[in-house]
Amino acid sequence: MKQNFFAVDLGATSGRTILGTFTESGLELKEINRFSNHLIEVGGHFYWDIYALYRHIIEGLKLVAHSGESITSVGIDTWGVDFVCVGKDGNLLRQPYAYRDPHTVGAPEVLFARISRSEVYAKTGIQIMNFNSIFQLDTLRRNQDSALEATDKILFMPDALSYMLTGEMVTEYTIASTAQLVNAYTRRLEPDLLEAVGLKEKNFGRFVFPGEKVGVLTEKVQKITGLGAIPVIAVAGHDTGSAVAAVPALDRNFAYLSSGTWSLMGVETDAPVINAETESLNFTNEGGVEGTIRLLKNICGMWLLERSRLNWGETSYSELISEAETSEPFRSLINPDDDCFANPVNMEQAIMEYCRTTGQPVPERRGQIVRCIFESLALRYRQVLENLCALSPHPIETLHVIGGGSRNDLLNQFTANAIDIPVVAGPSEATAIGNVMIQAMAAGEATDVAGMRQLIHRSIPLNTYQPRDTEAWDAAYIQFKNCIRPN
Ligand code: LFR
């Protein structure tokens with residue numbers, strides 16, 4: 001019988017549900033619903049609306065039920081690090097804080113007074129970013145946050161939504177690894193780190209790995225959706241973990257760039273790579289599927305454009321890209337990872353201000369802003385790739401760009417030019433595909449990731465970009481390095 005896998009893929013600015021089915025010709029994906037996701041600012045803090053996300057998932061499930069299609073299982077992936085507190089009675093205690101909330105600025109240094117930075121990094125291999133759950137939890141603890149004080153269980157976003165659907169509480173490994181509370185070697189929650197933030201293992205759900213069953217839809221959910229007791233599978237709950245599982249590579253000699261709100265650039269390894277270099281360069285070792293590790297770095301990605309675009313009404317991406325294409329090259333550059341771009345009130349102004357204070361021409365037109373963003377991203381990719389080449393256990397011959405950003409021809413070409421190796425772009429729905437893959441493996445319809453990658457390689461159209469104008473990009477790289485100011 002034909003098996004349909006219902007993938008829920010939630011990003012920081014938008015979410016979608018997708019029905020994935022394997023056919024003779026490969027993998028077929030049908031989008032069921034797509035919706036926006038917003039940071040909600042209340043009293044100077046930023047939250048996510050988990051109930052709205054839940055409602056969209058229910059809507060998606062209903063749409064499939066009404067269409068008469070069957071669903072074999074459901075899997076949920078989301079962005080990393082954020083979580084909800086659940087009380088003893090099973091109720092969610094507050095909407096989850098969003099990782100861009102400024103309450104964690106300076107939080108790592110406060111924690112490191114009790115447990116050193118090197119010890120935290122040596123155990124987890126996770127790059128220090130102030131929004132990692134460990135720092136969020138420590139901030140809430142210091143602030144005597146009422147939700148944390150009343151919490152019985154902490155559930156990460158995908159696990160919290162699975163809980164709302166099934167009533168079962170789990171802690172899935174890939175999403176937990178983003179928290180900086182998992183030991184990279186034992187692949188379990190690390191008691192010393194839990195203790196450092198005042199928690200115990202009993203404050204988390206049953207620990208599971210991708211492919212394990214969370215539970216089945218509760219009777220209430222069955223009733224409102226019109227579906228049966230369908231299993232919910234823990235996929236790679238971390239979106240980047242699902243996306244990288246779907247890189248259409250046939251060997252290991254590649255780097256990937258998972259391109260969405262963030263640009264995640266890295267390589268896949270069989271074991272954690274935790275040493276003095278990875279620590280000083282602040283590279284992360286996130287947990288992946290089939291025991292793999294993603295040695296990568298977060299780069300501020302399409303967030304720069306998504307946020308700038310808020311000032312530009314309904315202008316389409318293709319219009320903005322063509323305006324960038326006809327703008328002057330290398331007029332002004334920014335460091336995409338400068339702190340000033342983390343959550344500015346006005347992104348366009350923040351970019352202009354950066355150019356002004358670094359003595360560069362200030363972009364005035366939209367096309368100039370967009371060109372500045374794309375060129376700066378491509379040059380930052382080059383910088384991170386240089387580090388990766390030194391750290392990676394494998395040679396890097398190709399860059400696979402996956403995710404929504406892989407549809408951006410201009411940026412793909414800029415990237416190939418900047419890094420001077422070929423860029424292979426696609427699939428753009430890598431995260432949903434990875435999510436479906438893990439469900440298919442759990443259902444016995446697929447055997448392993450390598451086989452799935454071959455299938456994606458065969459059945460999804462990919463575009464290759466060869467490097468061009470490399471001399472001009474070499475000169476621009478020097479210009480880029482000169483415009484970087486200390487964070
Ligand atoms: C991408 C992502 C990144 C994570 C960031 C914040 O969507 O999951 O991997 O570092 O969001 O959670």
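These legends describe close-up views of a predicted model.

**View 1. The ligand and the residues around it.**
The shell around the ligand holds 13 residues, and those that come nearest are Trp-79, Gly-80, Val-81, Thr-240 and Trp-262. By type, the shell splits into 7 polar, 5 nonpolar and 1 charged. Helix α10 (239-245) supplies at least two of these residues, and so does strand β14 (262-269). Look also at the domains: domain 1 (3-239) and domain 2 (249-426 + 447-486) each give at least three residues to the shell.

**View 2. An open sheet of 6 strands.**
Follow the strands in order: β3-β2-β1-β6-β12-β11. Their pairing is mixed. The edges belong to β3 (26-36) and β11 (213-216). Each has a single partner strand, so one side of each has no neighbour in the sheet. From one strand to the next, the twist averages 25°.

**View 3. Strands β1 and β2, side by side.**
Here β1 (residues 4-10) and β2 (residues 14-23) run antiparallel. They are joined by 7 bridges. Pick out Asp-9: its bridge partner in β2 is Arg-16.

**View 4. Helix α17 and what follows.**
Helix α17 covers residues 430-442, 13 residues in total. Does its length fit the rule of 1.5 Å a residue, or what span should be expected? The expected span is 18 Å, and the end C-alpha atoms are 18 Å apart, which agrees. The helix is mostly covered, with 13 of its 13 residues buried. After α17 comes Gly-444, which has a positive phi, near 80°.

Note on methods. Residues are numbered from 1 along each chain as its sequence is written. This is a predicted model: local features need pLDDT of at least 70, side-chain atom pairs count only at pLDDT 80 or more; totals for chains, interfaces and linings use all residues. Helices (H or I, at least four residues) and strands (E, at least two) are DSSP runs, numbered from the N terminus. The expected span of a helix is 1.5 Å times one less than its number of residues. A residue is buried if 20 or more other C-beta atoms lie within 10 Å of its own, exposed if 12 or fewer, and partly exposed in between; C-beta atoms are placed from the backbone. A residue is near a molecule or strand if its C-beta atom, placed from the backbone, lies within 6 Å of it. Ala, Val, Leu, Ile, Met, Phe, Trp, Tyr, Cys and Pro count as nonpolar, Asp, Glu, Lys and Arg as charged, and the others, Gly among them, as polar. Domain bounds come from an automatic or database domain assignment. Two strands pair if DSSP finds at least two bridges between them. Axes are lines fitted to C-alpha atoms, for helices over the stretch in contact, and angles run from 0 to 180 degrees between N-to-C directions.
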